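I opened the model to look up two things: how well one helix is covered, and how one sheet is put together. My entries follow.

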Amino acid sequence: MARRSGGAARRTADGNPLQMPLWAPQEASPGWHVRISRRARRLSMRVFPGGRVEVVVPPGVGVPAIERFVVRHREWAERRSREYSLLVAHGAARRPASVDLGLLERSWRVEYEEAGRAAVTDDGDGVLRVRGPRQTDQAVGRSLLRWLTRVASIELGERLDALSGELGIDYGRLHLRRQRTRWGSCSANGTISLNVCLMFQRPAVVRYLMVHELCHRRHMNHSDRYWRLVESFEPQWRSLDAELLKGWRLVPAWVFPA
């Protein structure tokens with residue numbers, strides 16, 4: 001890892017999170033980065049579809065500590081990176097021939113048409129028609145993402161409302177997000193945030209995630225009492241949680257344009 005002056009990783013002068021390579025150029029591994037996060041309470045390592053590895057670091061942690069952490073976990077991360085890189089052939093289709101939404105257990109064939117205005121239409125015949133003046137990968141991704149968000153706002157909203165009534169746990173409002181690392185969250189004021197990428201997961205997995213967030217309305221922590229409440233509503237939460245951790249493999253590349 002390249003050394004920096006001073007004992008701790010710092011934020012850049014403009015206030016943006018510091019991004020730093022893990023090794024000097026001559027020994028660098030492509031796709032490995034360090035990100036400083038004010039929310040982080042401990043060092044952690046994440047591997048993303050395509051093989052990118054990210055080390056998340058709390059503010060003030062020294063570079064030597066980061067290096068030791070990387071040495072301890074490098075073998076695991078490189079193994080997972082190789083596994084995830086195998087997903088690129090499937091996930092790299094930014095102009096997909098089909099779209100599969102696991103939550104709805106539905107698939108669409110995708111057709112592309114030149115048009116003056118960008119739009120995605122679903123006429124109920126199993127075909128998504130992606131129209132637009134410029135059919136670049138980025139334009140296609142933006143159009144499909146707008147369509148996905150519209151569908152998610154209805155489907156996730158209806159399911160969360162129904163589950164809230166079933167569990168007897170209310171919430172304030174629903175906020176949809178598109179994140180690379182988090183499936184959902186619950187704020188102290190009762191706002192539940194759900195990732196639109198949940199649309200690619202099985203119904204049982206999505207239900208578990210919603211149970212997880214609704215239970216935070218009773219316990220804003222991950223205490224034993226919290227997990228007992230989760231288990232009372234979803235006895236299979238452990239296996240569903242493990243499946244959700246691998247759920248990024250189902251998210252197509254067009255959801256996160258390069």
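I checked the cover on helix α4 first and found that 10 of its 13 residues are buried, so I put the helix down as mostly covered, with buried meaning under 20% relative accessible area. I note that this is a predicted model.

I listed the buried residues of α4: V205, V206, Y208, L209, M210, V211, H212, E213, L214 and C215. The list takes in H212 and E213.

I then looked up what lies over them. The cover on the buried residues of α4 includes the helices α3, α5 (224-233) and α6 (237-245). It also includes the strands β10 (184-186) and β11 (191-195).

I looked at the length of α4, which runs over residues 203-215. From first C-alpha to last it reaches 18 Å, close to the 18 Å expected at 1.5 Å a residue.

Next I followed α3, one of the elements covering α4. Helix α3 spans residues 137-167 and lies across β5, β6, β7 and β8. I noted an angle of about 50 degrees between α3 and β7.

I traced the sheet under those names. Its 4 strands run in the order β5-β6-β8-β7, and the sheet is open with mixed pairing. β5 (98-101) and β7 (119-122) are at the edges with a single partner strand each, so each has one side without a neighbour in the sheet. Neighbouring strands are turned by 25 degrees against each other on average, direction ignored.

Last, I looked at one pair inside the sheet. β6 (residues 106-114) and β8 (residues 127-132) pair in the parallel sense over 6 bridges. For V110, I found the bridge partner in β8 to be L128.

Definitions and conventions:
Residues are numbered from 1 along each chain as its sequence is written. This is a predicted model: local features need pLDDT of at least 70, side-chain atom pairs count only at pLDDT 80 or more; totals for chains, interfaces and linings use all residues. Side-chain values use heavy atoms; hydrogens and water are left out. Two strands pair if DSSP finds at least two bridges between them. Helices (H or I, at least four residues) and strands (E, at least two) are DSSP runs, numbered from the N terminus. Axes are lines fitted to C-alpha atoms, for helices over the stretch in contact, and angles run from 0 to 180 degrees between N-to-C directions. Contact means heavy atoms within 4.5 Å. The expected span of a helix is 1.5 Å times one less than its number of residues. Buried means under 20% relative accessible area, exposed over 50%, partly exposed in between (1.4 Å probe, protein chains only).
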